[in-house]
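Colleague: Before I use this model at the bench, I should like to hear the reasoning behind the terms applied to it. Please take me through them one at a time.

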Amino acid sequence: MQKHIVVIGAGPAGLESSANLSNLGFRVTLVEKEEVTGGHLNKWHALFPSLASGKHTIEAIVKGLNPGIKIQTATKVTGIEAVNDYFTVSGHNGWQEKADAVVLTTGFQLFDSHRKEEYGYGIYENVITSADLEKQFASGKEFVNRQGKKPERVGFVHCVGSRDEKVNNLHCSKVCCITAVKQAIEVKQMIPEADVFCFYMDLRMFGRHYEELYKQAQEKYNIQFIRGRLSESTEDKDGNIIVKVEDTLLGKPLRIKVGLLVLMAGMEFPPATKALTNMLGLKNVSDGFIQPLDEVLHSNLTEIPGVFIAGTCSGPKSVSDTMADARSAALAVAEYLK
Ligand code: SF4
């Protein structure tokens, strides 16, 4: 009998796990709550550091999928039950499957920047998030602020909703430093005369070519990196944003006027996945993400035999790390079902 695996969540981790499991000879059902597969990548204009299109990356992954994989979209998983040596997985619309193993690839949600009221998101029109900026890039329209003007100065605020006790998120979201560098360069390419600032606490350039991109941002594009946390932003009568920041390297408070302020929203564990982990009785660590059985030796296994994890449901990851994690999860499932 061909073993059957249900993969929950059709972002890059779910798609890549499914592709690998199917290639290994398993029957795979991939279930997704949205109408389309691809997750956050569908909305991401360009990925760092290569600037490859998010949408094209997803299209390339989907194109490589074995046609035998059953993709069940628009289905929110509402139940998982372990019955003897298999699982019954059910959806809100009556969909139900039996599975020999389940892979959770439910991803992350972006931090809701409204929660940092002092930054002015949702209050001032020219305060936007990194995701809003990607949407603007993807539209292909001229780069202007909400008043239709080319901003003379643009600010990027790092660590929004990450490494922040006030919002109960101590973790680093890993990818927002390099995303800020990438987006700052894209803004400079569109408006070379603009002054662009990044307000950061620490710069985490851990991936391959990240450091080079950061160097390029400083040397080629003259982007200014100011070490300090933003304390508040206000608006002037022309819609400009005045940011107050303490430059911790110079030890001076600064007030800078920008035409557009971009908040680098971090990653959080989605409440919908919390419901699934509760159903299964899985442990979540203090940051909310799912705890693997062993972070070094068994990072795709959970404490429940037959339930696996891949991608950002077990912590923030870049797209390339997510893809590698998904392939590793497929091998862990194969090992278990052997
Ligand atoms: S990657 Fe950078 S911006 Fe993102 S949370 Fe970590 S330190 Fe902050």
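Modeller: Let us begin with the ligand. In this predicted model, 13 residues surround the ligand, and the closest are C159, S162, C172, C176 and C177. Strand 10 (153–160) and helix 4 (176–190) are the elements that give two or more residues to this shell.

Colleague: What makes a residue part of the shell around the ligand?

Modeller: The test is one of distance: the C-beta atom, placed from the backbone, must lie within 6 Å of the ligand. The shell that results divides into five nonpolar, four polar and four charged residues.

Colleague: How do you know which parts of the chain form domain 1 and domain 2?

Modeller: The bounds come from an automatic or database domain assignment. That assignment gives domain 1 as 4–108 + 269–337 and domain 2 as 113–266. The centres of the two domains, taken over C-alpha atoms, are separated by 31 Å. Ten residues from domain 1 and 18 residues from domain 2 take part in the contact. On the side of domain 1 that touches domain 2, five residues are nonpolar, two are polar and three are charged.

Colleague: Why is the largest nonpolar core said to lie between the domains?

Modeller: The core lies between domain 1 and domain 2 because both give residues to it. This core has 87 residues, and those with the most contacts inside it are I5, V102, V103, A184 and F308. Its largest share, eight residues, comes from helix 4. As a general matter, nonpolar side chains tend to be buried together in soluble globular proteins.

Colleague: What does F308 touch?

Modeller: Leaving aside neighbours within four places in sequence, F308 is in contact with A101, V103, N300, L301, T302, A329, A332 and V333.

Colleague: Why is L301 called buried?

Modeller: The cut-off for a buried residue is 20 or more other C-beta atoms within 10 Å. L301 has 20 such atoms, so L301 counts as buried. L301 lies in the loop between helix 6 (271–280) and strand 18 (307–309). Beyond residues up to four places away in sequence, L301 touches P292, L293, F308 and A332. The C-alpha atoms of L301 and V103 are 9.4 Å apart, although 198 residues separate the two along the chain.

Colleague: Is S18 buried or exposed?

Modeller: S18 has 29 C-beta neighbours inside 10 Å and therefore counts as buried. This residue is found in helix 1 (residues 12–23). Not counting residues up to four places away in sequence, S18 touches V7, V28, L30, L65 and I69.

Colleague: What makes D195 partly exposed?

Modeller: Partly exposed covers the counts between the exposed limit, 12 or fewer, and the buried limit, 20 or more. With 17 other C-beta atoms within 10 Å, D195 is therefore partly exposed. D195 is found in strand 11 and touches E152 and R153, residues up to four places away in sequence not being counted. From D195 to V103, the C-alpha separation is 46 Å.

Colleague: Why are N168 and H209 singled out for their phi angles?

Modeller: Most residues other than glycine have a negative phi, so a positive value invites attention. N168 has a positive phi of about 70 degrees although it is not a glycine, and H209, also not a glycine, has a positive phi of about 75 degrees. N168 is in the loop between strand 10 and helix 4, whereas H209 lies in the loop between strand 11 (195–200) and helix 5 (210–219).

Colleague: How do you know whether N168 and H209 are exposed or partly exposed?

Modeller: N168 has 12 C-beta neighbours inside 10 Å, so N168 counts as exposed. H209 has 13 other C-beta atoms within 10 Å and is therefore partly exposed.

Colleague: Why does the radius of gyration of the chain agree with that of a compact globule?

Modeller: For 338 residues, a compact globule would have a radius of gyration near 20 Å; the protein chain has 21 Å, which agrees. Along its principal axes, the C-alpha trace spans about 65 × 35 × 35 Å. The chain has seven helices and 18 strands, and buried residues make up 43% of its 338 residues.

How values were computed. Residues are numbered from 1 along each chain as its sequence is written. This is a predicted model: local features need pLDDT of at least 70, side-chain atom pairs count only at pLDDT 80 or more; totals for chains, interfaces and linings use all residues. Helices (H or I, at least four residues) and strands (E, at least two) are DSSP runs, numbered from the N terminus. Ala, Val, Leu, Ile, Met, Phe, Trp, Tyr, Cys and Pro count as nonpolar, Asp, Glu, Lys and Arg as charged, and the others, Gly among them, as polar. A nonpolar core is a set of buried Ala, Val, Leu, Ile, Met, Phe, Trp, Tyr and Cys residues joined through C-beta atoms within 7 Å. Two residues are in contact if their C-beta atoms, placed from the backbone, lie within 7 Å. The radius of gyration is taken over C-alpha atoms; the globule rule is 2.2 Å times the number of residues to the power 0.38.
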